[in-house]
Amino acid sequence: MAHYLPTDSLAHHLGHLVTVAGWVHRIRRLGAMTFVVIRDGRGVVQILHRPTDPPLPPLMPETVVKVSGLAIPEARAPGGVELHRPVIHVFATPESPLPFHVGGRDLPVGLDLRLNEAALSLRHLDIRRIFQVQAALVQGFRHALIGEQFTEVHTPKIVATASESGADVFRLRYFDTDAYLAQSPQLYKQTLVGVFGRVFEVGPVFRAEPHDTGRHLSQYTSLDAEMGFIESHKDIMDLLRDVLAKMLAEAQPLVVASDDARWPTVPAQIPVMHFEDALHLLGGALREDLSKEPDLAPAHEQWLGAWAQRVHDSDLLFVEGYPTIKRPFYTESDPDRPDYTLSFDLLFRGQEIVTGGKRLHRYSDYRAALKARGLSEAGLEGYLAAFRYGMPPHGGFAIGLERLTARLLGLRNIREATLFPRDLQRLRP
Ligand code: AMO
């Protein structure tokens, strides 16, 4: 394997001949001198070419090259290092003209063109950084849960039954029968609590969302956790609090000055409000009778987000106790108020980014819950078997990775936090 130095390591090799490999990011001519900025997967480095150096090969933005040169400290160059006396080898020259250049500070193209030309636009440093932050968030999620003795699992994405009532499901032909794309790993993660006690999964989920909004995708990445032997849904809320704090801590080193001011802190105790109290508060503020509402509308979440900011100085707010009729059959109802559940949403800056809660865990309770909702047990036998064979009190949550990323980085549309979004209109690239 060729050993090229990452551009962000060059400060350790000053005075030495080094070789880097990447793409021509930018070219600038100043009199007889040429400055070529090379971008690799880690950052950029500036090359200085003087008239006395061996001639440069033809270069244009995105030409793929390797460059050998002497690493010299240069405060005016990005990263503080410049390569002198360069020898450049060209691996590939892009087709010309490019639809746009990604070497500038901004990328002045609309979202549609940006998404259509993802192979190029994702190379822009600011856009690429969104996904480096996202990768660090996922790494933090894994580290946090492995640290709490969770086992990572991988469950089927082609399934025989829908798991999330209310969310639409993609149907597909599976040999000579019908199947669905998994809306969540819910039924499997619960089943696996019966095996490992504590599990998590990072994986794609599919929702046939008929909504053309800035917060819905038809495929997104779900960060799921499920934990056995809990006493209450509060245990899950505490776990989620710690997991989020770890995720943000791992992503923070990637933060640039413009995000710094908006980087959230996770309070030791995230404020909690019961669903009924949330409706009461909202109804008073908006002068509407919301007492019969079964769910929070996006505008309600936004209002509550601003309220949490104002009253608790918190970017995060738990709303617990969502009505039983709006939650899936596996959700445990509050024994003291059976119309409400032991489930919650976590709002981050006024948008739901997590749902979780305590589940039913007795076989007889599942049979009764399915019956009460007019749902059939057919197709659920494999899942119900876990309860027949004995399951502990348990609960869990799922974080929507793209929603979290978008909220964190102040991106207005969830598509900006998705490498290759899938939505009502978009099936490619
Ligand atoms: P829920 O259906 O609320 O819960 O989804 C959990 C989280 O996933 C994100 N999300 C979405 N993100 C992008 N596009 C969508 N269409 C979309 N739909 C949902 C949100 C949401 O909070 N099984 C439960 C979780 C659990 O109880 O453990 C579930 O899937 O951020």
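I looked up charges over rings first. Arginine 337 lies over the face of tyrosine 340, at 4.9 Å from the ring centre. I noted that this is a predicted model. I also found the charged end of arginine 28 over the ring of phenylalanine 35, 4.9 Å from the ring centre.

Next I turned to aromatic pairs. My search of the whole structure gave 10 of them. One of these is the edge-to-face pair of phenylalanine 318 and phenylalanine 344, with 5.3 Å centre to centre and 85° between the planes. Phenylalanine 318 belongs to strand 13 and phenylalanine 344 to strand 16, so the pair ties together parts 26 residues apart in sequence. I checked burial, and both phenylalanine 318 and phenylalanine 344 are buried.

I then took tyrosine 366 and tyrosine 383. Their ring centres are 5.7 Å apart and their planes stand at 90°, so I logged the pair as edge-to-face. Tyrosine 366 is in helix 9 and tyrosine 383 in helix 10, 17 residues apart. Both tyrosines, 366 and 383, are buried. I find them again in one aromatic cluster with Phe329, Tyr330 and Phe387.

Last, I examined helix 8. It runs over residues 298–312 and reaches 20 Å from its first C-alpha to its last, close to the expected 21 Å. I listed its buried residues as His300, Glu301, Leu304, Gly305, Trp307 and Ala308. Seen down the helix axis, these fall within an arc of 165°, so they line one face. Ala299, Gln302 and Arg310 are exposed on the other side. Among the elements covering the buried residues I recorded helix 7, strand 13 and strand 16. After helix 8 comes aspartate 313, with a positive phi near 55°.

How values were computed
Residues are numbered from 1 along each chain as its sequence is written. This is a predicted model: local features need pLDDT of at least 70, side-chain atom pairs count only at pLDDT 80 or more; totals for chains, interfaces and linings use all residues. Side-chain values use heavy atoms; hydrogens and water are left out. Helices (H or I, at least four residues) and strands (E, at least two) are DSSP runs, numbered from the N terminus. The expected span of a helix is 1.5 Å times one less than its number of residues. Buried means under 20% relative accessible area, exposed over 50%, partly exposed in between (1.4 Å probe, protein chains only). The arc is that of the directions from the helix axis to the C-beta atoms. Contact means heavy atoms within 4.5 Å. Rings of Phe, Tyr and Trp (its six-membered ring) pair if their centres lie within 6.5 Å; planes under 30 degrees apart count as stacked, over 60 as edge-to-face and the rest as tilted. A charge sits over a ring if NZ of Lys or CZ of Arg is within 6 Å of the ring centre and within 35 degrees of the ring normal.
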